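User: Please take a close look at the sheet in this model, and then follow it outwards to the helices and to the place where the two chains meet.

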Number of protein chains: 2
Amino acid sequence: MVSAVLFRQFFDSESSTYTYLLASGSGREALILDPVKERVPHYLQAIEQLHLKLVLAVDTHTHADHITGLGDLRAATACVTMMGQFTKAECVSAQVRDGEVLNVDGIRLQAMHTPGHTDESFSFVLDPAQPRAVFTGDVLLIRGTGRTDFQNGDPEQSWDSIVGKLFKLPDETLVYPAHDYKGWTVSTIGEEKRYNPRLAGKTKAEYVAIMRNLKLPDPRLMDVAIQANLACGRPRTAA
Amino acid sequence: MVSAVLFRQFFDSESSTYTYLLASGSGREALILDPVKERVPHYLQAIEQLHLKLVLAVDTHTHADHITGLGDLRAATACVTMMGQFTKAECVSAQVRDGEVLNVDGIRLQAMHTPGHTDESFSFVLDPAQPRAVFTGDVLLIRGTGRTDFQNGDPEQSWDSIVGKLFKLPDETLVYPAHDYKGWTVSTIGEEKRYNPRLAGKTKAEYVAIMRNLKLPDPRLMDVAIQANLACGRPRTAA
């Protein structure tokens, strides 16, 4: 995958969440995407052993299925915590705007507002001038898409984000989602265009109908997780 | 990770097994390492969707915790099935010798006999002239090592394989094991030298004592899996 970058993908088997740690091959500053609270000791171990300094922790959106590690990572490392500009989580120390390019020690990530799973979801494109990978959060999954039935999710917005924005990236762009439930670790934009069963060969109306008929149960941790995540996973007094 | 190679890591959550699919960026022939029987439809889906032709399926050793997909992949694709030269699995269509270099459409993998977890375990070094990655099976895990208490496992051999062979690879060589239970997906030789708690700062005698005192229960599927795997995961009449 992504070369000339120190790149680590971590898996939380409880929530099937993927978390990503990126650093410049030459530098020592690192950023992390979508950390899980219970796994923070693991990330800190890796950060220490790889001789990195965590400067930024980002959530792609307010997760409903696990508690974020943003607050604990900030407490442990004094990193900046960040979400997209439309988040309701007032605890984050910074918000990123649609189109803005984050630059951490040479790692360039362009923020892209991709609502649909939630109205405040962002994706992040690695090396926007010549896209190599995109971290899609829950809006685009491997051979699937994130549900659109809560937190102001909207299947029409999901289609527009995926087909209108993510699918404009080059076909060879690697796709790293925030979850996988079936044993995939990575995909590409071209693969998802051709083989995502909810999208390939479908019209927008067909996609919307599919998403409106999923009838999924609420995530087990939903009520706890959303409230906790609006406080970056820490008690409000400590956030 | 490994660039200029089509590389996919798959995870089987039942047995926490990692399976690897490799192909040349330019060509279409592929090989797979340590496939899991129940996941064969998933691999076949990926192989078809990535427009690959599977020509080789390799097991690093006779697994005791899951049933191999070698036989089913051979039935589906007519690929060569292969294990190391000391395997007792007569079903495989080829055996690889210690030091031999496999070449699949430009993907070069050097076989390295690394006994210890079992007496017939092999590791495979990607691009042996300038090692980029090593697939270590169960002998070297991330921050751990494979148990040495059955199938002619031997802690002294395990130490010699890891410290005497694998740790001679360059520090930056990526380590891809056949299992992980803690959410890691990859490591490097340098990290394991410095931070593997069973090895770093330990003598061979200390390592042997650690391994002799693990007192692990037998794998749940052990009796079924070993017998099945000696037949490549297929009934003997169909192997």
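Analyst: Strand β4 (residues 53–58) of chain A pairs with strand β5 (residues 80–84) of chain A over 3 bridges, and the two run in the parallel sense. Within that pairing, A:L56 has A:V80 of β5(A) as its bridge partner. This is a predicted model, and the account that follows should be read with that in mind.

Packed on the sheet is helix α2 (residues 70–77) of chain A, which touches β3, β4 and β5 of chain A and whose direction makes about 155 degrees with that of β4(A). Another helix, α1(A), lies across β1, β2 (17–24), β3 (29–33) and β4 of chain A, and runs at about 160 degrees to β1(A). β3 and β4 of chain A are thus among the strands met by α2(A), and they are also among those that α1(A) lies across.

The sheet that carries this pair is an open one of 6 strands in chain A, with the order β1-β2-β3-β4-β5-β6 and mixed pairing. At its edges stand β1 and β6 (94–96) of chain A, and because each has a single partner strand, one side of each is left without a neighbour in the sheet. From one strand to the next, the twist averages 25 degrees.

Chain B can be described in the corresponding way. Its 6 strands form an open sheet in the order β1-β2-β3-β4-β5-β6, again with mixed pairing, and its edge strands are β1 (5–12) and β6 (94–96) of chain B, each of which pairs on one side only. The average twist from one strand of this sheet to the next is 25 degrees. Strand β4 (residues 53–58) of chain B is joined by 3 bridges to strand β5 (residues 80–84) of chain B, the two running parallel, and B:L56 finds its bridge partner in B:V80 of β5(B). Helix α2 (residues 70–77) of chain B packs on the sheet, where it touches β3, β4 and β5 of chain B and makes about 155 degrees with the direction of β4(B). Helix α1 (residues 40–49) of chain B lies across β1, β2 (17–24), β3 (29–33) and β4 of chain B, running at about 160 degrees to β1(B).

Further along the sequence, another packing involves two helices. In chain A, the axes of helix α3 (residues 155–164) and helix α5 (residues 204–212) come within 9 Å and cross at roughly 130 degrees, and α3(A) and α5(A) are therefore oblique to each other. The crossing of α3(A) past α5(A) is right-handed. On the α3(A) side the residues are A:P155, A:E156, A:S158 and A:W159, and they meet A:K204, A:Y207, A:V208, A:M211 and A:R212 in α5(A). Sorted by class, this contact has 5 nonpolar, 1 polar and 3 charged residues. In chain B, the axes of helix α3 (residues 155–164) and helix α5 (residues 204–212) likewise come within 9 Å and cross at roughly 130 degrees, which makes α3(B) oblique to α5(B).

Finally, there is the place where the chains meet. The contact takes 18 residues from chain A and 18 residues from chain B. On the side of chain A that touches chain B, the elements giving two or more residues are β1 (5–12), α1 (40–49) and α4 (189–195) of chain A. β1(A) gives the most to that side, with 5 residues, and β1 of chain A is also one of the strands at the edges of the sheet. α1(A), for its part, is the helix described above as lying across β1, β2, β3 and β4 of chain A. By class, the residues on this side of chain A divide into 6 nonpolar, 7 polar and 5 charged.

As for how the two copies are placed, a rotation of 180 degrees with 0.0 Å of shift along its axis superposes chain A on chain B, with an RMSD of 0.0 Å. The two copies are thus related as by a two-fold rotation axis. Of the interface residues of chain A, 100% are also interface residues in chain B, so the copies meet through the same surface.

Terms used. Residues are numbered from 1 along each chain as its sequence is written. Chains are lettered from A and ligands numbered from 1 in the order in which they are written. This is a predicted model: local features need pLDDT of at least 70, side-chain atom pairs count only at pLDDT 80 or more; totals for chains, interfaces and linings use all residues. Two residues are in contact if their C-beta atoms, placed from the backbone, lie within 7 Å. Helices (H or I, at least four residues) and strands (E, at least two) are DSSP runs, numbered from the N terminus. Ala, Val, Leu, Ile, Met, Phe, Trp, Tyr, Cys and Pro count as nonpolar, Asp, Glu, Lys and Arg as charged, and the others, Gly among them, as polar. Axes are lines fitted to C-alpha atoms, for helices over the stretch in contact, and angles run from 0 to 180 degrees between N-to-C directions. Angles under 35 degrees count as roughly parallel, over 145 as roughly antiparallel, 65 to 115 as roughly perpendicular and the rest as oblique. A crossing is left-handed if the near helix is turned anticlockwise from the far one by less than a right angle, and right-handed if clockwise. Copies are superposed by least squares on the C-alpha atoms of residues with pLDDT of at least 70 in both. Two strands pair if DSSP finds at least two bridges between them.
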